[in-house]
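Hi there,

Here is the structure I promised to pass on to you. Have a look at it first, and then read on for what turned up around the ligand and in the backbone.

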Amino acid sequence: MPDRIDAHFAPAGPPAGDLRAPPDKSISHRAALLGAFGEGDTRISRYLDSADTRSTLAAVESLGAGVTAQPDGPGSLEVVVTGFGLRGAAAPGRPIDVGNAGTLIRLLTGLLAGQEGRSFVLDGDASIRSRPMGRIAEPLRQMGASVETADRGVPPLAISGRRLRAIHYELPVASAQVKSCLLLAGLLADGRTTVREPAETRDHSERMLRAAGADVRIERERPSLPTDPVAGTIGISPAAAIALPAMTVPGDLSSAAFHLVAGLIVPGGDVRLTGVGINPTRVGLLGILNRMGADLEVVEAGSEGGEPVGTLRARGCDLQATQVGAADVAMAIDELPLVGLLGCFADGTTTVTGAAELRHKESDRIAGVVDALNALGGEARALSDGFAVTGTGGLRGGEMDSRGDHRLAMLGAVAGLASREGVTVRGFGAARVSYPGFESDLRSLLG
Ligand code: S3P
């Protein structure tokens, strides 16, 4: 298994220089899916070349889409997807392997649930087989879908396409994947589907669905307190067809964040990331960094593929502890492990709460972050819905396990550069899930 490849990251001088952020994973998955269920060709520029997003290309191909892919830069592909139409997925006759990709399995299930008269099985790796699918199966069943899970509500999923009816659904937890699954199913339903989210989550699906001609409306609620998350309701009308002729994928802030944090916690660091997507529903980390006193500059530089992009510059500086709660969590969900690492270098105790969702990611990221930081000489404590990390002036270093989780693998690498003795990351190979070029990009900043 390539995931089991280990790597060592020695303490290093200040990371400095410019990098182009790799293409966004969430947006790449969505572009391939909308292309496949659309009419005609979708030309996707800067499609992320990673294990996860290759799983999506293979999945749509097995459902009958045409797919061509050519390299169009380091870590990115120019992809043309020829669609089979909104109701035209073919039953592949064998399980579709989603690999490690939670976004793929949840969004695709919404679309397959409405393919009348055809059956599909979706399965994936050991991590996918531990991830909760009841959160999509339950509302889809209310829409008339037939979605069976294994015991305990995990994959494999067996889906028999049915005629779907529109519902109003209140998400019990904020999840862009569940919201997107239901909006995609709503395209195939017999009326207007509405989904209320208790906190604003990434809106890439809404933006791309509109660009593909779907009728999507969003109403935001006013929070009672400024520290409360912003809830909202998203409505979608059924469509006869969608079409997304072209899409350019902006850079992924979640990947760029590792280099930015390296720039911040290694004294003398000065790192610039260009072409980074700065969609307001994704930038929770930037607000958290500001509160920690980070030396961070954000320059907006137009838009790509209907998403704002910019250049981010981070320089080594002293950091103060901060408290991250419900208002920040959904918009920084994938960056919260890095907040734990930052906490080791900050003055005081940094806490993350309201983030029980972290237990249901590619690994249990509460346990993973706390164990990794403690193994490296940090002072971290798990909470039921987050963690607390007390800064001790840095990290000693040592050995940590990625648990097969790409984001923990990359966190270990950054910790190594900033540590006193270096870090060996067991299972560093997991980084290929979202960012195969991560190690060489990081090392390129070290001169
Ligand atoms: C994603 C949404 C988030 C995030 C995941 C990608 C997406 O998950 O953690 O990495 O592409 O919609 P949830 O929506 O389940 O929180």
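The ligand sits in the largest pocket. Please keep in mind that this is a predicted model.

Which residues surround the ligand? They are Ser26, Arg30, Thr103, Ser175, Ala176, Gln177, Arg202, Ile333, Asp334 and Lys361. By character, this shell divides into two nonpolar, four polar and four charged residues.

As for where the shell comes from, both domains take part: domain 1 (2–23 + 250–444) and domain 2 (25–248) each give at least three residues. Two helices also stand out in the list, since α1 (25–36) and α5 (176–187) each supply at least two residues of the shell.

You will probably want the polar distances, so here they are for three of the side chains:

- Lys361: a polar side-chain atom lies 2.8 Å from an oxygen atom of the ligand.
- Ser175: the distance from a polar side-chain atom to a ligand oxygen is 3.1 Å.
- Thr103: an N or O atom of the side chain is 3.2 Å from an oxygen atom of the ligand.

On its own, the ligand has 380 Å² of accessible area, and the protein covers 96% of that.

Now to the backbone, where one loop deserves a look if you plan to check torsions. Most residues other than glycine have a negative phi, and most peptide bonds are trans. Where does Pro156 lie? Pro156 is in the loop between β8 (146–148) and β9 (157–160), and the peptide bond leading to Pro156 from Pro155 is cis, with omega near 5°. Arg152 is also found in the loop between β8 and β9. Although Arg152 is not a glycine, its phi is positive, at about 65°.

To recap the two places to open in your viewer: the pocket that holds the ligand, and the loop between β8 and β9 with Arg152 and Pro156.

Happy to talk any of this through whenever it suits you.

Best wishes

Terms used: Residues numbered from 1 in each chain as written. Predicted model: local features only at pLDDT ≥ 70, side-chain atom pairs only at ≥ 80, totals over all residues. Heavy atoms only, no water. Near = heavy atom within 4 Å. Polar contact = N/O pair within 3.5 Å; in protein donor to acceptor, adjacent residues only side chain to side chain. Areas by Shrake-Rupley, 256 points an atom, 1.4 Å probe, with all protein chains shown as cover. 1 Å grid on protein atoms, 1.4 Å probe; cavity = no way out; pocket = protein on both sides within 12 Å on 5 of 7 lines; lining within 4 Å. Sits in = over half its atoms within 2 Å of the grid points. Helix = DSSP H or I, 4+ residues; strand = E, 2+ residues; numbered from the N terminus. Nonpolar A, V, L, I, M, F, W, Y, C, P; charged D, E, K, R; others polar. Domains from an automatic or database assignment.
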